[in-house]
Amino acid sequence: MPVEPLPPGILGPANEKSRRLRELVVGPEILVMPGAWDALSAILFEHVGFQAVQGSSSAIAAAKGYRDGEVITRDQTVAATRDIAVAVSVPVNADGEAGYGGPSETAATVRAFVEAGAAGMNLEDSIPSGPTAAGRSLAAISDQREKIAAVMETKRAMGSEFFLNARVDAFAIMRDDLKAALGEAIQRGNAYAQAGADCIFYLGVSDRDAIGTLVKEVTAPVSIFAVADTPSVMELQDLGVARVSYGSAFLRVALAALKRFAEGIREPEGHRAMGDAMSGRDLQEILRQR
């Protein structure tokens, strides 16, 4: 089905954000992208100085009371992403999961995110292979290239400069064999870059040598998903990593603090924990600065 061009009122601002995101990824400093789940979290991230924000599908789903893994619909994720994008002036990269289907569904996902004001999106290459969220396998490279081709064709038809962050899940799926996972990750990264992806995003790798090899062998900027044992931001920059993101980590850190407060509220000194909270005045000042 032909893709209708977007009106200039939508396309112009969207392309400006996409260009800015691309500049940040290829710039001399590593781009640190916190995972937002709503307008307030995104506003806070911009307020403290982050230059771009990642919409986290896992955090968005959790904030709505659902588990991760395309359990909520594309429309729900797009609506949450629109709220985030409208709330801040910095570029927002959406989480497109696995495209919400095949190439045609992936194309529709791209258009929806562009219309929502997103500068780009993630597109992962693992697919369900069992009845549980943990039951996933790697999509065939040829199938994933078809999805990327659909992204590229949709961009051309709309006149869009939408940024594609192609996620490689080899390390997450092939956990027991780092060497084999590394070879698979390099092959997939280069295949996706050749197909048009702007950046190659790796989940499940924290080993310094493996990360350094990815940077050297993959012909596109490399992004890393950070966990507790990931090298520091400065170490990642020294390795040549272009971008680092955190998924739902910021939400989970906030929830841990919320849980401690809730569990201790009935203790004799329970109210003292509010002394560590942001003041109501500071919160309102941040919102006034929008």
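Helices α8 and α9 (residues 208–217) pack at an angle of about 25°, and their axes lie 10 Å apart. Axes here are lines fitted to C-alpha atoms, for helices over the stretch in contact, and angles run from 0 to 180 degrees between N-to-C directions. α8 and α9 are therefore roughly parallel to each other. Angles under 35 degrees count as roughly parallel, over 145 as roughly antiparallel, 65 to 115 as roughly perpendicular and the rest as oblique. α8 passes α9 in a right-handed crossing. A crossing is right-handed if the near helix is turned clockwise from the far one by less than a right angle, and left-handed if anticlockwise.

From α8, the contact is made by Leu-178, Leu-182, Ala-185, Ile-186 and Asn-190; from α9, by Ala-210, Thr-213, Leu-214 and Glu-217. Contact means heavy atoms within 4.5 Å. By class, this contact has six nonpolar, two polar and one charged residues. Ala, Val, Leu, Ile, Met, Phe, Trp, Tyr, Cys and Pro count as nonpolar, Asp, Glu, Lys and Arg as charged, and the others, Gly among them, as polar.

This is a predicted model: local features need pLDDT of at least 70, side-chain atom pairs count only at pLDDT 80 or more, and totals for chains, interfaces and linings use all residues. Residues are numbered from 1 along each chain as its sequence is written, and side-chain values use heavy atoms, with hydrogens and water left out. Helices (H or I, at least four residues) and strands (E, at least two) are DSSP runs, numbered from the N terminus.

Now a second helix pair. α5 (residues 103–116) and α6 (residues 141–158) pack at about 45°, with axes 8 Å apart. That makes α5 oblique to α6. Their crossing is right-handed. Pro-103, Thr-106, Ala-107, Val-110, Arg-111 and Val-114 in α5 meet Glu-146, Lys-147, Ala-150, Val-151, Thr-154 and Met-158 in α6. These residues divide into seven nonpolar, two polar and three charged.

Next come some single residues. Buried means under 20% relative accessible area, exposed over 50%, and partly exposed in between (1.4 Å probe, protein chains only).

| Residue | Place | Relative accessible area |
|---|---|---|
| Leu-31 | strand β1 (residues 31–33) | 4%, buried |
| Glu-97 | loop between β4 (92–95) and α5 | 6%, buried |
| Tyr-100 | loop between β4 and α5 | 14%, buried |
| Asp-198 | loop between α8 (178–195) and β9 (199–202) | 18%, buried |

Two of these have a positive phi without being glycine. Phi of Glu-97 is near 50°. Phi of Tyr-100 is near 65°.

The side chain of Asp-198 makes a polar contact with the side chain of Arg-22 at 3.0 Å. A polar contact is a pair of N or O atoms within 3.5 Å; within protein, one must be able to donate a hydrogen and the other to accept it, and residues adjacent in sequence count only if both atoms are side-chain atoms. A polar atom of the Asp-198 side chain also lies 2.8 Å from the backbone nitrogen of Leu-164.

Leu-31 and Gln-51 are 20 residues apart along the chain, and their C-alpha atoms are separated by 7.7 Å.

Last is helix α2 (residues 39–47). Its buried residues are Ser-41, Ala-42, Ile-43 and Phe-45. They pack against β2 (35–36), β3 (53–55), α4 (74–87), α11 (249–264) and α12 (280–288). Asp-38 caps the N-terminal end of α2, with a side-chain oxygen 3.4 Å from the backbone nitrogen of Leu-40. After α2 comes Gly-49, whose phi is positive, near 115°.
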